[in-house]
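Biologist: Could you take me through one part of this model up close? I'd like the ligand's surroundings and the annotated positions, in whatever order makes sense to you.

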Amino acid sequence: MRRKLVAGNWKMFGLKADLPEVSAIAAAAAANPGVDVALCVPFTLISAAAKAAGAMPVGAQDVHASPNGAHTGCVAAPMLVEAGARLAIVGHSERRAAQHETDAEVKAKAEAAHGAGLQAILCIGETLEERDAGRAEAVVTAQVAASLPDGAAGSWLALAYEPVWAIGTGRTPTEADVAAMHGAIRAKLRALIGAEADAVRILYGGSVNAGNAASLLACADVDGALVGGASLTAAKFVPIIEAAA
Ligand code: PEP
């Protein structure tokens, strides 16, 4: 039985003035021990957020594939660990699009995260053009195959299916489409890593909110949610945590 994981992605939002939101979200996490909760904040906030979060894991939204080196402006996994991070998102579609991250780079980033002792949430998802062309499952399962890290295991890796057209738009796929895609991802995982596939959590992400969380989380093979905009305040995020509990 996979425990549900609800992870927040604060994107490029969050100053120290927002730490009371972290504390309030952590209090809700403690009050709902049946669900795992994590919050991925900007690099600059990791240390302070980790202190404010108590037992709730705080993470980063990216990590470099190398442990150190001449990579101006980048942050390595051991640095994240030292700052207090316990997980990292890799391969978010905003980075795949704006920073041109490839599947091979995303794979290397996930492996670097694991090598330093971080959990990883690896994002995959199709564009609207790809869905309209009937290629959504082919695109997403190809991303899984090409970006899955060596040694992938449920103890440290979760996947997040995030249709690009659903992120920050208020649009979501139908429950049938979510269940079909998560089933296809699970089947691809089984083909790649055998029985371990059943231990890997597959999160849904894309315009999850208090109103739709329960129905999305009830879909077959949905093991939690990756939440952007609705994770920025406890008022919006706590109902999603409660829906998963
Ligand atoms: C995300 O940033 O991963 C995300 C799913 O954003 P939103 O919930 O705002 O669509």
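Biologist: To start, how many residues surround the ligand, and which are the closest?

Modeller: Keep in mind that this is a predicted model. The ligand is surrounded by 14 residues, and the closest are I167, G168, G205, G228 and G229. Sorted by class, that shell holds five nonpolar, seven polar and two charged residues.

Now for the annotations. An unreviewed UniProt entry lists N9, W10, K11, G168, S207, G228 and G229 under "binding site". These positions are spread over 221 residues of sequence, yet they cluster in space, with a largest C-alpha distance of 13.8 Å. G168, G228 and G229 are also among the closest residues to the ligand.

Let's go through a few of the listed positions. N9 sits in strand β1, which covers residues 5–9. N9 counts as buried because 26 other C-beta atoms lie within 10 Å. Setting aside residues up to four places away in sequence, N9 touches C40, Q61, I89, L226, V227, G228 and S231. One of those contacts, G228, is itself on the "binding site" list.

K11 is in the loop between β1 and α1 (19–31). K11 has 19 C-beta neighbours inside 10 Å, so it counts as partly exposed, since the cut-off for buried is 20 or more. Its backbone deserves a look too: K11 has a positive phi of about 50° although it is not a glycine. For background, most residues other than glycine have a negative phi.

S207 shares that backbone feature, as its phi is positive and near 60°, again in a residue other than glycine. You'll find S207 in the loop between β7 (201–205) and α9 (213–217). S207 counts as buried because it has 21 C-beta neighbours inside 10 Å. Ignoring neighbours within four places in sequence, S207 is in contact with A166, T169, G170, R171 and T172.

Next, the "active site" label: the unreviewed UniProt entry gives it to H92 and E162. Those two are spread over 71 residues of sequence but cluster in space, with a largest C-alpha distance of 8.5 Å. H92 lies in the loop between β4 (87–90) and α4 (93–98), and E162 lies in the loop between β6 (157–161) and α8. H92 is buried because 27 other C-beta atoms lie within 10 Å, and E162 counts as buried with 27 C-beta neighbours inside 10 Å.

Their contacts tie several of these pieces together. Not counting residues up to four places away in sequence, H92 touches Q61 and C123. Q61 also turns up among the contacts of N9. With the sequence neighbours within four places left aside, E162 is in contact with S93, C123, G125, I167, G205, G206 and L226. C123 therefore contacts H92 as well as E162. I167 and G205, both touched by E162, are among the closest residues to the ligand, while L226 is also a contact of N9.

Finally, α8, the helix that follows the E162 loop. Helix α8 (residues 175–193) and helix α7 (residues 136–147) have axes that come within 10 Å and cross at roughly 35°. The crossing of α7 and α8 is right-handed. On the α7 side, A136, E137, V140, T141, V144 and A145 meet M181, A184, I185, K188, L189 and L192 of α8. By class, this α7–α8 contact has nine nonpolar, one polar and two charged residues.

Conventions: Residues numbered from 1 in each chain as written. Predicted model: local features only at pLDDT ≥ 70, side-chain atom pairs only at ≥ 80, totals over all residues. Axes fitted to C-alpha atoms, helices over the stretch in contact; angles between N-to-C directions. Helix = DSSP H or I, 4+ residues; strand = E, 2+ residues; numbered from the N terminus. Left-handed = near helix turned anticlockwise from the far one by under 90°. Contact = placed C-beta atoms within 7 Å. Nonpolar A, V, L, I, M, F, W, Y, C, P; charged D, E, K, R; others polar. Near = placed C-beta within 6 Å. UniProt positions renumbered as here; feature names shortened; annotations may be inferred. Buried ≥ 20, exposed ≤ 12 C-beta atoms within 10 Å, placed from the backbone.
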